[in-house]
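Open the model in your viewer and keep the selection box ready. The stops below go from the whole chain to single residues.

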Amino acid sequence: MKISVLGTGYVGLSTGVCLAEIGHFVTCIDINQHKIGQLCQGKSPIYEPFLENLLLKNADEGRLKFTSSYLNGLEGTDIIILAVGTPQSEDGSADLSYIMKCAKDIAPHLTDGVTVVIKSTVPVGTNELVEKIIMSHCNNDITINMASNPEFLRQGSAINDTLHPDRIIIGANSKKVADKIEEMYLPLKAPIIKTSIRSAELIKYASNAFLATKISYINQIANLCEMVGADVNDIALGMGTDKRIGLSFLQAGIGYGGSCFPKDVKALHLTAEKHGIQFSLLKETMRINDEQQELLVKKAKKRFGSLKSKKIALFGLSFKPNTDDMREAPSIKIVRLLSNEGANVVAYDPVATHNAREVLGNMISYANSPEEAILDADAVFIVTDWDEFKHLNITNILKKMRCPIIFDGRNCLDESMLHLLEIGEYYPVGRPSVI
Ligand code: NAD
């Protein structure tokens with residue numbers, strides 16, 4: 001099939017590359033000419049494991065192209081996939097301006113019978129809105145088919161998730177359109193769930209809000225564990241081994257961040273409110289998460305009394321491991337809180353430093369290694385659970401610090417490492433501290 005993907009962000013680029021990998025002819029279109037320039041040279045503008053190799057392979061084999069021209073990129077295409085951003089508006093709802101502009105701009109280039117698929121996360125009813133915009137800006141004599149095909153990939157494992165999805169949701173109002181999208185995905189041999197367009201749109205929000213709620217739930221259990229002397233890892237194992245609950249998303253820590261959960265929970269809450277449903281469960285999910293992001297600073301204040309002039313080494317800046325994405329990363333709030341307290345922050349992240357500089361500027365210093373970050377530090381905050389931090393020689397790290405204290409926001413250190421601790425203090429989340 002000939003497929004055009006609009007947007008070369010985490011979703012659009014992963015989708016485009018993987019569709020080429022399974023044999024389609026794909027053109028990725030982005031209005032960001034800098035990104036297109038990099039992509040044309042075989043460079044990925046984002047850090048995502050395996051992405052660049054697959055990009056080069058499929059470009060070399062002639063199945064993957066990049067352009068910023070709608071005219072070239074949409075010519076003769078069977079399916080157009082919209083994967084542009086839907087960030088949060090000021091009022092918390094999804095900002096649909098990129099998707100609306102896309103609809104308006106592609107309309108004059110569409111040919112009769114083309115299928116337009118919305119992969120971006122969009123509130124219920126958006127497909128209908130996009131169809132109206134396209135129809136009012138295209139040549140009068142064409143018909144188009146709309147479909148919703150929300151994306152569930154996770155940054156950091158985007159390629160694997162795209163090639164091996166748990167399921168593919170196809171929302172369409174006719175069997176013919178749903179079958180066409182199914183055909184596109186056939187080589188993946190993934191379970192397909194066909195629904196109405198509105199159901200497909202809502203499935204995405206319902207899933208993300210549920211996962212975020214699961215995280216806030218285990219984080220509150222972790223806070224209770226600290227009060228009653230229980231261990232949240234044991235609780236999570238005991239709960240999660242029950243098949244009805246499942247082990248994933250039961251890792252206690254300093255809360256969720258990223259470009260999806262925070263905005264999607266807010267947007268779903270607003271959609272419910274707009275339709276007269278008081279979804280207060282989601283309000284609590286958000287409140288708990290906001291508070292949880294403050295946890296390490298609160299613990300450090302309790303330990304030190306004041307954080308003024310203390311040197312804090314942050315391990316990790318990205319919102320999760322294996323990505324360079326800083327959107328809504330808990331590290332941002334932690335840095336702001338520490339700055340307000342008068343602390344000096346030195347941060348190390350394996351890949352997100354470049355993006356972090358754009359958000360945090362010179363509020364903090366940036367180190368090139370964990371060892372550089374901890375020199376003379378009063379405390380380490382583990383903020384992102386990069387594998388690199390799980391394999392550090394912690395005793396060596398502690399020896400080089402002014403005060404050998406670790407506040408672990410991701411429970412990175414396991415039992416086998418803790419018993420190696422000869423000096424220092426270790427404060428995990430929802431687990432007994434080692435003092
Ligand atoms: P992103 O911000 O990384 O990328 C969006 C891209 O779209 C940018 O490169 C931008 O230049 C481009 N763009 C904007 N307007 C355009 C236009 N008119 N024509 C062509 N390109 C245009 O976004 P993302 O993280 O890939 O997310 C995209 C959508 O997928 C969002 O709705 C998001 O909620 C959803 N989603 C994201 C993830 C994730 O993990 N990032 C997972 C599932 C779903």
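The tour covers the whole chain, then its core, then the ligand.

This is a predicted model: local features need pLDDT of at least 70, side-chain atom pairs count only at pLDDT 80 or more, and totals for chains, interfaces and linings use all residues. Residues are numbered from 1 along each chain as its sequence is written.

Select the whole chain and colour it by secondary structure. There are 19 helices and 14 strands, which are DSSP runs numbered from the N terminus (helices: H or I, at least four residues; strands: E, at least two). The C-alpha trace spans about 75 × 50 × 40 Å along its principal axes. Of the 435 residues, 48% count as buried, meaning that 20 or more other C-beta atoms, placed from the backbone, lie within 10 Å of the residue's own.

Next, select Ile80, Leu82 and Phe381. These have the most contacts inside the largest nonpolar core, which has 126 residues. Such a core is a set of buried Ala, Val, Leu, Ile, Met, Phe, Trp, Tyr and Cys residues joined through C-beta atoms within 7 Å. Now select 197-228: this is helix α9, which gives the core its largest share, 10 residues.

Finally, select the ligand. Which residues are closest to the ligand? They are Gly7, Gly9, Val11, Ser120 and Thr121, among 27 that surround the ligand (C-beta atom, placed from the backbone, within 6 Å). Then select α1 (10-21) and α5 (97-106), each of which supplies at least two residues of this shell. The helix α5 gives the most, with 4 residues.

Conventions. A residue is buried if 20 or more other C-beta atoms lie within 10 Å of its own, exposed if 12 or fewer, and partly exposed in between; C-beta atoms are placed from the backbone.
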